[in-house]
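Trainee: I should like to take a close look at one part of this model, together with what surrounds it. May I begin with a question about the chain as a whole and then turn to that part?

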Amino acid sequence: MIEAVDLSKRYGAKTAVDGISFTVKPGRVTGFLGPNGAGKSTTMRMIVGLDNPSGGDVRVNGKHYAQHSAPLREVGALLDAKAVHTKRSAYNHLRAMAATHGIPNSRVREVIEMTGLGPVAKKRVGGFSLGMGQRLGIACALLGDPHTVILDEPVNGLDPEGVQWVRHLAKGLAAEGRTVFLSSHLMSEMALTADHLIVIGRGRIIADAPISEILDGHGQSRTRVRTDNPAELVRALAADGVTSQQLEPELLEITGADSRRIAEAALAGRILVYELTPLQASLEDAYMQLTTDEVEYHSHTLPQSPAGTGAEEGR
Ligand SMILES: Nc1ncnc2c1ncn2[C@@H]1O[C@H](COP(=O)(O)OP(=O)(O)OP(=O)(O)O)[C@@H](O)[C@H]1O
């Protein structure tokens, strides 16, 4: 269990985390989402004592991280996979960590197997790919068989098999009753992995709810409609908040009206409809809606350069 109360972090004039309170409960996967610079890594660093809060408090399993006599056995964290840049092999790195907590070599071998590091365990960590580094970071997090696991962007750099493995791992750990707290920018993956979400923007909590509630509350309902008269149906539905997109000559995607309302409009206008499929809002849609005002670093589409005027210039 992780409990944060009025937790803040300021770096000079910059408030990275602005008085947030939340609880990450055991037995479920809690996803931690937010735009770039929202304060996720800072929050995670404070949980494991790598940064001191400027205000408020955060405890893991009832104590501050530093108060645990064997922290690796309480909390396992993957925060910055790149932090492990060493001339040691993965095996020796894990053995050195294990030695600080009296963890036997059998557990080192176990986590190497679990994370698929077997074939490279004796190789120098400095030469690892991003994905192998992530796997080693996860192995370090699991070494002490901790009750609470914190993973910052664990699927970053992993191949599809690795992404699926992290998903099963996170769900498996939660099913064993552990507390699992993970961040990711991959919305589709988060939708498959997390049971509960905490969303932050500009250092403040914007949502803290079960994933199903976030999807229901923030994604607009969309419906796929096949009709032989799309123009007439769109006219019949014309109203505030209803928008439509024609995907094929007889296929529309309608946003802002549910199937019943569309069927009623079609019946009243004697318009033939031969498919009405409600589409679930994606987590990405819901997330974008939640965070539109909280994005600090906006992307901009580059202006189109006129054809043949040297789009390659300046490279
Ligand atoms: N050591 C530091 N010194 C100064 N500012 C910092 C420091 N660490 C983080 N910040 C700032 O605090 C804010 C929050 O950063 P943080 O890394 O926690 O965000 P994040 O949500 O993890 O972002 P991302 O998704 O990009 O990893 C950012 O504006 C960042 O620039």
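What percentage of the 315 residues in the chain do buried residues make up? My request is then for a close account of the open sheet formed by six strands: in what order do these strands stand, and what kind of pairing do they show?

Mentor: Buried residues make up 36% of the 315 residues in the chain. The model is a predicted one, and what follows should be read in that light. The chain holds 11 helices and 13 strands, and its C-alpha trace spans about 75 × 50 × 45 Å along the principal axes. Among contacts with a separation of 6 or more, 69% involve residues 24 or more positions apart.

The sheet you ask about is open, and its strands stand in the order E5-E6-E7-E3-E8-E9, with mixed pairing. Its edges are strand E5 (75-78) and strand E9 (204-210), each of which pairs on one side only. From one strand to the next, the twist averages 15°.

The two edges can be taken in turn. At one edge, E5 and E6 run parallel and are joined by four bridges; within this pair, Ala77 stands opposite Ile150 in E6. At the other edge, strand E8 (residues 196-201) and E9 run antiparallel, with six bridges between them. There, Gly201 stands opposite Arg204 in E9. The mixed pairing of the sheet can thus be read directly from its two edges, parallel between E5 and E6 and antiparallel between E8 and E9.

Although E5 is an edge strand, both of its faces are covered. In a regular strand, side chains alternate between the two faces of the sheet. In E5, Val75 and Ala77 lie on one side, Gly76 and Leu78 lie on the other, and all four are buried. Helix H5 (residues 130-142) lies across E5 and strand E6 (148-152), running at about 170° to E5.

A core of nonpolar residues brings several of these elements together. Nonpolar side chains tend to be buried together in soluble globular proteins. The largest nonpolar core here has 65 residues, of which Leu94, Ala139, Leu143 and Ile150 touch the most other members. Its largest share, seven residues, comes from H5, the helix that lies across E5 and E6. Ile150, which faces Ala77 as a partner across the strand pair, touches Met44, Ile47, Val48, Val75, Ala77 and Phe181, leaving aside residues up to four places away in sequence. Val75 and Ala77 in that list are the two buried residues on one side of E5. A second core, of nine residues, lies apart from the largest one and includes Val225, Leu233, Ile262 and Ala266.

His93 makes a useful check on what burial means here. It sits in helix H3 (residues 90-99) and counts as buried because it has 20 C-beta neighbours inside 10 Å, where the cut-off is 20 or more. His93 and Lys122 are 29 residues apart in sequence, with 10.0 Å from C-alpha to C-alpha.

For contrast, consider strand E13 (residues 273-279). None of its seven residues is buried, so E13 lies largely in the open. It nevertheless has a partner: six bridges join strand E10 (residues 222-227) to E13 in an antiparallel arrangement, and Thr277 in E13 is the bridge partner of Arg224.

Finally, there is another open sheet, of three strands in the order E2-E1-E4, with antiparallel pairing. Its edge strands are E2 and strand E4 (55-60), each pairing on one side only, and its twist averages 25° from one strand to the next. Strand E1 (residues 2-11) is joined to E4 by five bridges, and Ser8 stands opposite Gly55 in E4. Helix H1 lies across E1, E2 and E4, at about 120° to E1. H1 also bears on the ligand, as it supplies three residues, the largest share of the surrounding shell. Strand E2 (14-24) and helix H1 (40-47) each supply at least two residues of that shell, whose members include Tyr11, Lys14, Lys40, Ser41 and Thr42. By class, the shell has three nonpolar, six polar and two charged residues.

Notes. Residues numbered from 1 in each chain as written. Predicted model: local features only at pLDDT ≥ 70, side-chain atom pairs only at ≥ 80, totals over all residues. Near = placed C-beta within 6 Å. Nonpolar A, V, L, I, M, F, W, Y, C, P; charged D, E, K, R; others polar. Pairing = 2+ DSSP bridges. Axes fitted to C-alpha atoms, helices over the stretch in contact; angles between N-to-C directions. Contact = placed C-beta atoms within 7 Å. Buried ≥ 20, exposed ≤ 12 C-beta atoms within 10 Å, placed from the backbone. Core = buried A, V, L, I, M, F, W, Y, C linked by C-beta atoms within 7 Å.
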